[in-house]
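Me: I have a structure open in front of me. Could you help me learn how to read it?

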Amino acid sequence: MSHYDAIVIGAGHNGLTNAAYLAKGGFNVMVVDKNDYIGGAAVSRELQEGWLYSSCSYVCSMMRQALHRDLDLSRHGLMLVPYLGTINFADNGDTLLSYHSEEAAYNELKRVSRHDADAMFRIQADLTRYSQLIRKTLLRTPPDPTSFKPRDISELLFLAKEFWSLGEKELYEYIRFFTLSAADFLDEYFETDIVKTSMAGAGIIGTALGVYSPGSSYILLHHVMGDVDGSIGAWGLARGGMGAISNAIASALQSHGGEIRTSAPVEQVLVKDGKAVGVALENGDVLNADIVVSNLDARRTFTKIMAKEDLPPGIYEKAKNYKIRGSSGKVNIALSGLPKFNNVPDNPYINRGGQAFSGSMETMERAYDCWKRGTWSDDPFIESVIPSAWDPTVAPAGMHWMSNFIQYCPPELADGPWTPEKRDQFGQTVIDKIERYSPGFKDLIVHMEVRTPWEIEQEIGLTEGNIFQGELTIDQLLFNRPFPGFAQYRMPIKNMYMCGSSTHPGGGVSSACGANAAREILLDLKRPNTVPEDDCYDE
Amino acid sequence: MDHGDTDTVKRTHYDTIIVGAGHNGLVCANYLARSGKRVLVLEAAEQCGGLAASYEFHPGFKASVAQYATHLPTQIVDDLRLTDHGYRSGNLDLVGLSPAEPPVRLNGANISGAVETDAAAFQEYHRLMDKLAQMFQPFWQKTVPPIGNNSLSEIASFAQLGLKIRMLGKQDMQEFFRIVALPMYDLLDEFVTSPVLKAMLSWDGLIGTKQAPRSPNNSVLQLLYRLQNRSEVCVDVASLVDALLGAARAAGVEIRTDAPVAKVEVESRDGPAGAAADLTATGVTLESGERIAAGQIISSADPRSTFLNLTGAEHLDIEFTNRIDRYRDRGMVTKVHLALSGVPDFSGLDQPDGRMVLAPDVETIEWAFDNAKYGELPQTPVMEVMVPSLHNSALAPAGQHVLSANVMYTPFAVRGDEASGGWSVASRAALLESVLHVLERYSPSIQSQLVGTQLLTPQDLERSHRVSGGHWHHGDFALDQLIMMRPTHGAAQYKTPIEGLMLCGAGTHPAGDLTGLPGFNAAREALK
């Protein structure tokens, strides 16, 4: 029997971040993970010899810079590089390229519509402004609006002040942006479908909403509020794949004396007299601890690794009602060469970004309709990146690795659970669609890994394969995340905490959830706070 | 019957002209006249009532587009003594029908026909929703000030709402913040299991706005708005319009029908034209060319018509015009009226005297929405059906009846019908046939009772009732189009950027349905 100051369940990036800050604060910390590798969904795996697949998350922009610097992740091997923009492919074969050069980007948009080229400046300015307010909340613990504690009241006042200071007009625009559909929001700026679709993808990735669903414009913001090295809205790749992020945080954790144990699935959180006292592993080992932190999603935490009788009444039901819906698939492909796309100039700088096979607003919405009916669209939205065009470490020389993210893919099919045959059909749908835009694409395929929500849940442990550990809708944001009354990382059981993306500020590889949870734990134990404030305040 | 006071001597100047004799225009006119204002109401149609007016759609059969369960606040009924003028209210059950389940009946907290567990869960659901609806109730009757740079009394208004929310108690307050943005689909999933019960409970959160059971953010608020009054329902729309007219005449309001307004006259008082702050509305010009002056013009027309058609973008600043232009006001409800030779017989019901929702489950509602969002006709329409002639025998010849159906979801214009202006004859026929087909599943003999039909698509309503988008509520009931944002900031406290021009229609706070509240609130502001 071993005893730790704290045990963190799940070695995903948030679990590792949480543990790193606890270790830095002087705790004797153990992180346990069910898999024989660390990283959760921020992982690089060599599933084909010579290729490193970022088999779940594949791009990064939300990592809080304050944390990156504070944990010295660069020294621990993390290198984030921005990648060039995304080529958007329309149903009719048209393409829309994006460039980092403002002039080139403007000219490309003007080719489609002068009006939209001008509108792009407006929307980028608006999005940046909107995201600044949210960015201020990322490394803060949400206030409890029902509480009269001085800290809650002052945090609530902070939010109100920030909100009020927008001014009347901005505030109303903000409310619109929070509640509209991505389609309605984009309609106000743009006139051409291809420009709208090039922006709309961010509104549906990972979520069980369509581009026409109210609320999807917030998801859009969630995806553009990140930055790479201060360039807001830019997306980056981690050299060595997303696993490099987890490895760097793990290295930081270990440098502070923390430990990690893999292949150690938790059977149950041990509760005694209403207090968490440790965990029992599936192999029978018992690890005692003063504090237990769950990096699993809220549904899984309360319904899988805790005994119902240990929970206060109502919590189990809240966890059951927590919306965590599988809506995304992933197809990772090893390629023998760089694919060529129709109507795209043969320019290496253009082909080093991503590809979005979005089709049209209607095609995207119809894919959502299929998801509602428990099937997948034969014309799904696919967002692809070929990281090997930038990063020589993820594929053999001359060869490439392509990440394809598919929206939508149901967690379970209308006619029953996923089977290997149906999974393969799903994969076939994806490469058939890419082949339409890149003749000869299939001939380049060396190896392919198809992941439906079912595989994601089985391997990573995300309920239904939801990449955000829970939908990012208003009912599950800020002080509602994961559920009202439990948004401050403390669980209804004493000495137990949550630190995953089920908590504020939600999904995305930001490490903010893990860091925020660590701050609360240190506060409860009256230890000095080692978690930095966000450094984005003066932007 | 509703032709104006022809015996009144035509005045040349009025304190107030109200554009449109819809129920909100009439409520507003009543309150102003009772405060001693000289009020002229101008109505474009031959009859008063707007969407609530009852028209003959088949020889001997009359119906009103606004046939819907509607609560007029007791205060308005009492203030205007509408009961004395013939207003009739009563009780109306909400009845959920499904081929797969026995009918479920709801009236307030009373439920029958549901399985025991659902009936128990419904009590908790109703307790919470009723409590939240009562919390909001006073705010629908208030002018909500704009945010920012508030006066003390305005801050008090916000503080009062904050206090109300606090007074819910910790648990209900937390639940409020969570469920207020939930889609009906998810909300009802947490309470009940019966598919038909879910469908009927979702109905009032959906109808009239572009949203389906799975659409987040707006449905719960719309539902709370409709649950605000526990009073009796207006069972006879014709009696409401007649009572409002009667009260208005008694109060000295002058009403002219067949008097469509072409333009609100705007003058630049203190400076060159173009500076918005200096513009003042001085009167209206009718389509006939007649000009009528007044110190105050209050429009009960929808915001788009009021600003873009009657006022004109040339008198408004570009940002304001853009905000009106983006205002979402395309209706998705089609009205179907049937003239029947007898009382329709609905399987499982003794009398079709409630408000019957013909939607077996929320999925059917969602799929109908999915069709309409692409401009297609719903494959299986869902609808709410009433037989208003059971409550007012004057609507149909003796022994015969009128069936009124609100059909969801239909596009404003059908994709592929661009050549025929939005709705081809074939599309109209196809929609009517699928509506009758659905009705037949619930009322097998309905086809044999059929004497006449009328189909009013949103586009028809736009033309016949001059309401933009054919939208019942003059605009979607959506978070960004409510309260101090309805219809948009700058016009949300009933006053508009043009001095002397005000709004009193459903496109202002609180919103649509036959509540009279926009007219009530606007009158209070007009008298300030």
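**Confidence first**

Reply: Chain B has an average pLDDT of 93, and 96% of its residues score at least 70; pLDDT is the predictor's confidence in each residue, from 0 to 100. This is a predicted model, so local features need pLDDT of at least 70 and side-chain atom pairs count only at pLDDT 80 or more, while totals for chains, interfaces and linings use all residues. Residues are numbered from 1 along each chain as its sequence is written, and chains are lettered from A and ligands numbered from 1 in the order in which they are written.

Me: Where does pLDDT stay under 50 in chain B?

Reply: Over residues 1-9, for which the model has 13 contacts beyond four places in sequence. A contact means two residues whose C-beta atoms, placed from the backbone, lie within 7 Å.

Me: How many helices and strands are there in chain A?

Reply: Helices (H or I, at least four residues) and strands (E, at least two) are DSSP runs, numbered from the N terminus. Chain A has 16 helices and 20 strands.

Me: How many residues does each chain bring to the contact between chain A and chain B?

Reply: Chain A gives 29 residues and chain B gives 31 residues. On the side of chain A, α6 (168-179) and α13 (361-372) are the elements that give two or more residues. The largest share, 7 residues, comes from α6(A).

Me: And how does the model score?

Reply: Its ipTM is 0.95 and its pTM is 0.95.
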